[in-house]
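User: Could you take a close look at the largest pocket for me, and at the parts of the fold that surround it? I like to have the cut-offs spelled out.

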Amino acid sequence: MSDEAKKKLVETYVQAYNRFDVEGMLSVLHDLVVFENISGGEMTLEIKGIEAFRNQAEQAAKIFNERTQKIEDFVFSDDGCEVNIDYRGIIAVDLPNGLKAGDEIKLKGKSVFRFADGKISKIQDIS
């Protein structure tokens, strides 16, 4: 898979994420997609399969009034790519961790993408 094809898939995914477009996100994911969230060196979430991803994405969308992932750069490898992300979100509901509706989250992190069969097969969000 070419770097340009990888870039297009990642951009499509991120644009759909920013629009709260779950179907758009799913359109570029492999049926056996694996999603991992890693925060502070600990895996906080692991999802396997497109239906589990759909359920999580739909639930996560309800937590935010606004959310934006801005890609700062791409680093390509043979089997994937890594992107540095500037993230901003506005919380929609009070959360158990103490965040309140209206609170703003700003993070810098990276996402690592792997590909199979012309689709995204793995996403690791690392912050």
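Analyst: Happy to help; here is the pocket, followed by the sheet and the helices.

The model is predicted, so to speak of a local feature takes pLDDT of at least 70 and to count a side-chain atom pair takes pLDDT 80 or more, while totals for chains, interfaces and linings use all residues. Residues are numbered from 1 along each chain as its sequence is written, and side-chain values use heavy atoms, with hydrogens and water left out.

The largest pocket has a volume of about 910 Å³. Here a pocket is an open set of points on a 1 Å grid over the protein atoms alone, where a 1.4 Å probe fits and protein lies on both sides within 12 Å along at least five of seven lines; lining residues have an atom within 4 Å of a point. The volume is the space filled by probe spheres set on the points, which are joined across faces, edges and corners. Of the 34 lining residues, Tyr17, Asn37, Phe64, Tyr87 and Asp125 are the closest to the centre. Two or more residues each come from helices H1 (3-18) and H3 (50-61) and from strands S1 (29-39), S2 (42-48), S3 (64-77), S4 (80-91), S5 (104-116) and S6 (119-126). These elements are DSSP runs numbered from the N terminus (helices: H or I, at least four residues; strands: E, at least two). With six residues, S5 gives the most to the lining. By type, the lining divides into 20 nonpolar, ten polar and four charged residues, where Ala, Val, Leu, Ile, Met, Phe, Trp, Tyr, Cys and Pro count as nonpolar, Asp, Glu, Lys and Arg as charged, and the others, Gly among them, as polar.

Now for the sheet. Six strands form an open sheet of mixed pairing in the order S2-S1-S6-S5-S4-S3; two strands pair if DSSP finds at least two bridges between them. S2 and S3 are the edge strands, each pairing on one side only. On average, neighbouring strands are turned by 20 degrees against each other, direction ignored. S1 and S2 pair in the antiparallel sense over six bridges, and in their hairpin, with two residues between the strands, glycine 40 takes a positive phi near 60 degrees. S1 also runs parallel to S6, joined by six bridges, and there asparagine 37 stands opposite aspartate 125. Aspartate 125 also stands opposite serine 111, in the antiparallel pairing of S5 and S6 over seven bridges. The S5 and S6 hairpin has two residues between its strands, and aspartate 117 in the turn has a positive phi of about 55 degrees. Further along, eleven bridges join S4 to S5 in the antiparallel sense, and twelve bridges link S3 and S4, also antiparallel.

The helices come next. H1 lies across S1, S3, S4, S5 and S6, running at about 170 degrees to S3. H3 packs on the sheet, touching S1, S2, S3 and S6, and its direction makes about 50 degrees with that of S1. Contact means heavy atoms within 4.5 Å; axes are lines fitted to C-alpha atoms, for helices over the stretch in contact, with angles from 0 to 180 degrees between N-to-C directions.

Finally, the structure holds six aromatic pairs. The rings of phenylalanine 35 and phenylalanine 53 have centres 5.9 Å apart and planes at 80 degrees, so this pair is edge-to-face. Phenylalanine 35 lies in S1 and phenylalanine 53 in H3, so the pair ties together parts 18 residues apart in sequence. Rings of Phe, Tyr and Trp (its six-membered ring) pair if their centres lie within 6.5 Å; planes under 30 degrees apart count as stacked, over 60 as edge-to-face and the rest as tilted.
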